[in-house]
Amino acid sequence: MRSSAARAYSLLFFFSGATGLVYELLWVRILYQTFGSTIQSITTVVAAYMGGLGLGAWLLGRKADRHPRPAALYGWLEIAIGAFGLASPFVLSLAHRVYIGTAGTLALGSAASVALRFGLAALVLLVPTTLMGGTLPALTKGFMGVERDRLQTSLGRLYALNTLGAVVGTALAGFFLIERVGIHASLYATAALNLTLGAAALALARPLEPSPAAPSPTARSSDRTRRVALTLLAVTAFASLLDEIAWTRVLVMVVGGSTYAFTLVLLVFLLGIGLGSAIVARRSPARPPPVADAALAQGITGAGAALLLAFFAALPLFVIRVFQHPGFDAIERLGLMGVAVGAVVLIPAVGMGLSFPLLADLAAPRDAARGADVGVAYALNTLGSIAGAVLTGFVLVVTLGTETTLRLGLVINGVAALVLAALAARGVAEGSAEHRALRLRVLAAGGLGSIALGAAFGASGWSSRLIDLGPTIYARDPMSPAALQGFLAHRGARQLAFREGWNATVSVWEGLTGRTLRVNGKVDASDQGDMDTQIMLGLAPAAARPEATSALVIGFGSGVTTRVLADVPGMQRVRVVEIEPAVLSMSGLFARVNDSVLRRPTVSAMVDDARSALQLRRDLFDVIVSEPSNPWVAGVATLYTPEFFRIVQSRLAPGGVFSQWVQLYQLPLPVVAGIVRNVRAVFPHVEVWFSSSLDLMILGSDRPLTYDRAWIGRLLAPGTGLGELSREWLGIDSVGDHFGRHLLDENGVAQLAERGTLTHRDDRPELEFVAARRFLDPEWDSHVFDSLMALEVRVGGHPGTSPVLLARAMTAPRVPSTVGPILMAAHRAQPDNPVWLARVARMRFAAGDTTFVDSVLPALLRSRHPEALLFAAALAGRRGDQRARVALLREVVARGGDTAEAEAGLAGAAAHAGDWRGTVTALRLALAGGPGSYRHPFPAGSLHDPLTGLALTGPPRLADSVLAVAAHAHPGWTTPYELRAAVALREGRCDDAVTQFQALTEFGIEVADAPDRLWHCRSGARR
């Protein structure tokens, strides 16, 4: 092909690569809306897509050899791809209807459902992907003509250009088209570009020129080399997909799981492949068969991939520095996240890009220039990729873990490098010109392959503690060096469970603030800090739907919301839809708060994507609760579109109530308003409730939301499971207290919806991208909740229905309030209520206003209210009046106040006086009375000093017995372990001290002087 035509076709193929990735990303999104985004759906769609590419390469490569104008064939393929692109929305819509109709009607099981998904995906994607797969061998044939020696450079050039075009397509789709243009409009524009490319290719097409000379017979590949190359085309492609999936699992844990993170991984991966292939394109056709070069390429891949094991610990540090830098905005942070991804992916991806054209050249016979040989190479490469995607996603990561999976990839690359290096060196006479030409590359390939194997078997692994940090979420504030080390070590928390599931990595952690469930490093549920939200998500719709008998929960989390609905009087059926089975497996670790709800006969759980599950099952529910993760997490935003809400509506019984969780942190008011507008577009009657100033529950129904106070009284009845949960964690003592969390009525919702600027629907999922950028922003609007309250007031309503009920919901005893205006409003409404006066005094004291506190102290004491007395006792302690403090604390206990806080204070006084019996009695009562709930918080700070005094100077046996109780009652609190070690050392029980020190290491705490203390203990025992 003439140079001018070659340049023109090169440009066309570059754009073809861009359109191919745009199609893939758009079609895959549409199919996910039908099949769901579980690993089964993702893998079946990807396998069907790749299978079509391989089939096209194999079939159309042969046709290219018979075609007089292969470049024209390429043009017709582009036109056919464009034609399908225009028709693809209709075809995909038809597939959606077939899947929902068939799978729903036949009630297919898991395996049959997966088979149907694969069959439909293959049927839909077979035509376009087969056409796409034929473009590379067709155009390669057009470039090399009948000159076999040009296969390597032609294939390298075209593969590089097509892949670099795919980089552009990835960036366009991931950063612009899907959000700004929409899926269908982008499909039509991409199809138009394909038609243009095809027309241009046809206009430029010329017949093949005859060869100026016969193919050179000087450099022949042996049959053994060809067989090895054909095998490695599949095996190394398997390793490449294995690496890509494993890298993605790791990097999502470090840089966050937003849609931008996945785009960056794919973009850098393709960039490396394109650059590697571009290097091959510059290789001289006159050089001998590239066995040594292929060996070097595999060595680069393996050694480059091994860098992740060597330098993984540096990744979280880099991310922390980026997110703690005050001058970086969202775009700069995103760019630097790309640097982190590049550090992991780029070098090995370059090696992968080198490998394909080199191995394809080795695999092709050297006596003819055939597009069929390119097609066979591409087909084998694709088959290996399919196997890598299926086995890695379904088997390897789940059974072996990501780290071991990556090591398996290193073994494959290392062995491939050594095998190819041995082939390159075979039969080469030492000292010959060929030996001198190959020596450096063979040695380098062998050395790099050995490094890969050495790393696979000998490199130290990373800790699951380190990979589970969530640095982009929890390390944004500046830290001292000591604080940074504590964060990296998870100091004060221990990992109870860590499981790499099909769709996500799930872990459970335990610390002073209870247990937390992490999904991909992000806390998604807990047994303390999230309890108010987890309870309200179920309680709010249950209160609005009297006599509900069926409920569905999207997202299991800790299981608390499921338990709330299962505890509703008369509830006969509760179904849980959870996308990740590993989350369900953690349920037992939260049995204290979920009451082992999955064991109840009325509760069932299914593992599936919410969209798929709701579309396939036809039964109706009185209550549906959706509590997915944050919308910035990739894939979650699909549960906030009007289309999804219509699916939910179709599964609600008449008069049923839908409850949707929405975060207020990191989302500006117009985005929150846009979500509310989407709900209101489907449900005619919508209200907004809250659990805290950061979490909302949007309630929607086809009928006006009315509240039967008698029904709510039954829900909250003392002695019932739901009543006790609400009392302990929400502070609800009466039916009226429930309404303290009502934020917006229908009028307020209507006003809020008008402020929505978000266009978020299946075709244009703007929320997924906006939320991801807000997640990357260094600052977020913390006044959204205030704006919502002001909006309700503006339409004539009142948040919480009254100032007093709102304050009861928004403030807590013993905690200085951060919502001063709300607290002051309640105080003005009930000036004689000592609760509000005590909380105002505590707030003003925390702000340093002692004058105000002194002025109201007499009134607080006259009230004799336990909360007022407890504050007065704390004030007396700060001012050194221990006698008054003790007297006040005793009165708090006598009047039924906070036993835990009061007894902790009394224990401190007894320890100060050397009354160890009194200390132990008070400590036991404090430990029993403070489980860590809203109503009965755990007074860890007040307990520290009396426990320390008892452990260091009190009777050892008494101390150890109390500390054992403390460790059992609050196993995530590290103080008992530290002090039990001290008690054991006092008594010379060195082995028991070792046990406690070892327990502390589980919490990331290394006691610096522990070895010296143990040495002295053992030395004393020997004497």
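**Exercise 1.** How many disulfides does the count come to? Find the cysteines involved and place them in the fold.

*Solution.* This is a predicted model. Apply the cut-off: two cysteine sulfur atoms within 2.5 Å make a disulfide. By this rule the count is 1 disulfide. The partners are Cys990 and Cys1017, with their sulfur atoms 2.1 Å apart. Next, the handedness: the angle about the S-S bond is -95°, and the link of Cys990 and Cys1017 is left-handed. Now the location. Cys990 sits in helix 42 (residues 990-1002) and Cys1017 in helix 43 (residues 1010-1022), so the bond ties together parts that are 27 residues apart in sequence. Last, accessibility: Cys990 and Cys1017 are both buried.

**Exercise 2.** Work out why the chain can be called as compact as a globular protein of its length.

*Solution.* Start with the elements: the chain has 43 helices and 14 strands. The radius of gyration is 33 Å, and the globule rule gives 31 Å for 1023 residues; the two are close, so the chain is as compact as a globular protein of that length. Then take the box: along the principal axes, the C-alpha atoms fill roughly 110 × 80 × 50 Å.

**Exercise 3.** Describe the contacts, the burial, the surface and the charges of the chain.

*Solution.* Contacts: among those with a separation of 6 or more, 77% join residues 24 or more positions apart. Burial: 59% of the 1023 residues count as buried. Surface: the accessible area is about 38100 Å², and carbon and sulfur atoms hold 60% of that area. Charges: the chain has 90 positive and 78 negative ones, and their mean positions lie 5 Å apart.

How values were computed:
Residues numbered from 1 in each chain as written. Predicted model: local features only at pLDDT ≥ 70, side-chain atom pairs only at ≥ 80, totals over all residues. Heavy atoms only, no water. Helix = DSSP H or I, 4+ residues; strand = E, 2+ residues; numbered from the N terminus. Rg over C-alpha atoms; globule rule 2.2 N^0.38 Å. Buried < 20%, exposed > 50% of the residue type's maximum accessible area, 1.4 Å probe, protein only. Contact = heavy atoms within 4.5 Å. Areas by Shrake-Rupley, 256 points an atom, 1.4 Å probe, with all protein chains shown as cover. Lys, Arg positive; Asp, Glu negative; His and termini not counted. Charge placed at Lys NZ, Arg CZ, Asp CG, Glu CD.
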